[in-house]
Amino acid sequence: MESNLYSKIAEHVRDQIRHGLFDAGDKLPSVRTLAKQQQVSIATVNSAYTLLESRGLIESRPKSGYYVLRTTEDKLKQPTQIRSLPKPRPANISQLIMQVQRDAAARNGLTMSSAIPNLDFPIVGLMKKTFTRIARQRGYLGNGYDSPEGLPAFRQQIARRAIDAGVYVSPDEIITTAGCQNAMALCLQVLTKPGDIVAVESPAYYGLLQLIQAYGLRAMEIPSNPQTGMSLEALKLALHEWPVKAVMTVGTFSNPMGTLMPDEHKRELVALLERHDVALVEDDIYGELQFGEVRPKAIKAYDTGGRVLLCSSLSKTVDPQLRLGWVMPGRYLDQITHQKFVNSIASPTLPQLVMTEILSMGAFDKHLRLARETYRQRFERLTELVNEHFPPETRMSKPQGGLVAWLELPKIVDATALYHKAHDHGILFAPGEMFSVSGHYRNCLRLSYAQGWSREREQAIALLGHWVSELARSPSHSAA
Ligand SMILES: Cc1ncc(COP(=O)(O)O)c(C=O)c1O
């Protein structure tokens with residue numbers, strides 16, 4: 001495909017800049033030369049250079065050609081994987097999570113602690129208009145409860161979109177929920193009883209750990225590789241040794257590392273769980289936010305036995321305010337439907353009506369294209385800033401999509417103490433200890449790069465890097 005070709009050429013040039021073949025101020029090969037070298041058309045090279053220009057990496061000078069504006073050398077290594085043997089633990093998540101959540105909700109400033117999307121995209125205006133119009137015109141009020149399953153037309157839109165993830169389900173096999181968190185809660189209510197063991201990737205999204213705690217379950221942390229996700233070797237061991245009731249993972253652009261589990265891994269994971277007859281709760285909330293061209297397959301795409309319960313929502317692609325999620329529960333459809341009914345009777349109809357209309361328009365795919373490209377650029381800029389301002393021992397994950405990145409700081413740095421210091425300066429991030437039940441990741445932090453980018457944000461990242469460098473140099477430190 002032509003569009004693939006020009007982005008490939010753009011990536012090729014960007015890699016050359018990153019690997020030091022061209023420095024800032026250097027002239028790049030002429031359009032004609034590059035077209036000849038790469039055996040592509042002049043139009044393709046023009047498009048590739050225009051793309052790099054729009055990303056602020058190069059500039060065109062009239063009658064002279066294209067020049068490098070800034071270099072993007074990336075010296076950062078990927079975070080390390082924990083080595084402890086899987087062992088079930090009561091989930092005892094600290095009050096810190098609630099505090100970080102409240103701090104984020106209280107301010108609009110430099111919040112890099114929440115994995116929320118950029119809320120300045122045109123789709124937000126479109127939603128406002130659609131809400132107003134439908135609220136005025138349609139008789140959605142005065143109709144009593146919606147069905148427990150949710151609005152059929154909305155579920156049809158979700159079923160259509162799932163095809164891109166390799167998942168073929170009928171709208172009748174989808175239940176709407178109050179966001180993805182609620183979907184996962186329903187799954188755990190159906191799959192487990194207090195005391196049961198649930199295996200989760202480590203580091204894990206703290207919302208999963210909170211659910212495990214709330215239902216009196218035990219969490220078994222399975223080490224996660226920053227490039228391939230949950231270690232299947234460690235999971236095999238855990239399944240062999242312990243009566244694991246369910247496995248939970250964010251297979252596509254995990255939170256906090258942004259890891260994309262390779263297809264082969266996804267397939268193997270399903271086969272492994274089939275052999276052990278264990279259910280998988282798949283959180284696919286970031287699945288449509290890839291930086292590349294192709295939406296990755298969901299783990300559920302490999303599920304033939306109905307053991308994968310796919311949970312997702314519109315919180316990351318559009319707005320968490322909607323509280324509009326869903327679950328594709330496979331063989332647990334009846335139990336999940338009943339559980340939803342018991343928990344909340346039905347979902348509100350208005351957001352479903354609004355989003356049915358928006359999802360059926362080309363505007364939604366246009367929005368996703370804009371969001372993906374915006375987040376890709378913001379992540380690239382974050383990488384540059386971390387390279388520039390953090391000490392060289394810092395490691396950083398390399399997400400291929402999603403909204404967050406994970407930093408491993410020098411061992412000596414206490415990221416929770418740093419959180420309190422940064423908070424006093426109006427800078428918020430998510431400290432690493434929130435992502436484990438066994439005290440790992442005290443020297444790690446998660447940064448969200450999705451929200452409105454500004455000079456102030458860049459200065460905040462630089463300041464964080466400066467504090468980390470200071471702490472890394474001091475033999476024993478207190479961040480106060
Ligand atoms: C991986 C993951 N799952 C679920 C959620 C919560 O989603 P929702 O707002 O749809 O309940 C989040 C929010 O940060 C998340 O990162």
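Colleague: What volume does the largest cavity have, and what makes a space a cavity?

Modeller: The largest cavity has a volume of about 180 Å³. A cavity is a set of points, on a 1 Å grid over the protein atoms alone, where a 1.4 Å probe fits but cannot get out. Grid points are joined across faces, edges and corners, and the volume is the space filled by probe spheres set on the points. By this rule there are 3 cavities of 30 Å³ or more.

Colleague: Which residues are closest to the centre of the largest cavity, and how many line it?

Modeller: There are 17 lining residues, and Asp284, Glu288, Arg295, Ser312 and Trp326 are the closest to the centre. A residue counts as lining because it has an atom within 4 Å of a point. Helix H6 (152-162), strand E11 (308-313) and strand E12 (325-328) each give two or more residues to this lining. Helices (H or I, at least four residues) and strands (E, at least two) are DSSP runs, numbered from the N terminus.

Colleague: What kind of model is this, and which confidence limits apply?

Modeller: This is a predicted model, in which local features need pLDDT of at least 70 and side-chain atom pairs count only at pLDDT 80 or more, while totals for chains, interfaces and linings use all residues. Residues are numbered from 1 along each chain as its sequence is written, and side-chain values use heavy atoms, with hydrogens and water left out.

Colleague: Why is Gln352 called buried or exposed?

Modeller: Buried means under 20% relative accessible area, exposed over 50%, and partly exposed in between (1.4 Å probe, protein chains only). Gln352 has 0% relative accessibility, so Gln352 counts as buried. Gln352 belongs to helix H12 (residues 349-359). Leaving aside residues up to four places away in sequence, Gln352 touches Asp146, Gly150, Leu151, Phe154, Thr176, Leu324 and Ser347; contact means heavy atoms within 4.5 Å.

Colleague: How do you know that Glu233 and Lys236 form a salt bridge?

Modeller: A salt bridge is a side-chain nitrogen of Lys or Arg within 4 Å of a carboxyl oxygen of Asp or Glu. The closest N and O atoms of Glu233 and Lys236 are 3.3 Å apart, and the pair forms a salt bridge. Side chains of opposite charge can pair when their charged atoms come close. Glu233 and Lys236 are separated by about one helical turn, because they are 3 residues apart in helix H9 (residues 232-241). Glu233 is exposed, at 56%, whereas Lys236 is partly exposed, at 33%.

Colleague: How many salt bridges does this rule give, and which residues are linked in a network?

Modeller: The count comes to 19 salt bridges. The network links Glu11, Arg14, Glu373, Arg376 and Glu380. Arg376 and Glu373 meet at 3.2 Å, N to O, and lie 3 residues apart in helix H13 (residues 362-389). Arg376 is buried because its relative accessibility is 7%, while Glu373, at 23%, counts as partly exposed.

Colleague: What makes Tyr145, Phe341 and Ile345 a nonpolar surface patch?

Modeller: Patches are made of residues with over 30% relative accessible area and no salt bridge; like charges are joined within 9 Å, and nonpolar side chains (Val, Leu, Ile, Met, Phe, Trp, Tyr) within 5 Å. Tyr145, Phe341 and Ile345 make a patch of about 340 Å², with accessible areas from the Shrake-Rupley method and a 1.4 Å probe, only the protein chains shown counting as cover for residues. Phe341, in helix H11 (residues 333-344), is partly exposed because its relative accessibility is 42%.

Notes
1 Å grid on protein atoms, 1.4 Å probe; cavity = no way out; pocket = protein on both sides within 12 Å on 5 of 7 lines; lining within 4 Å.
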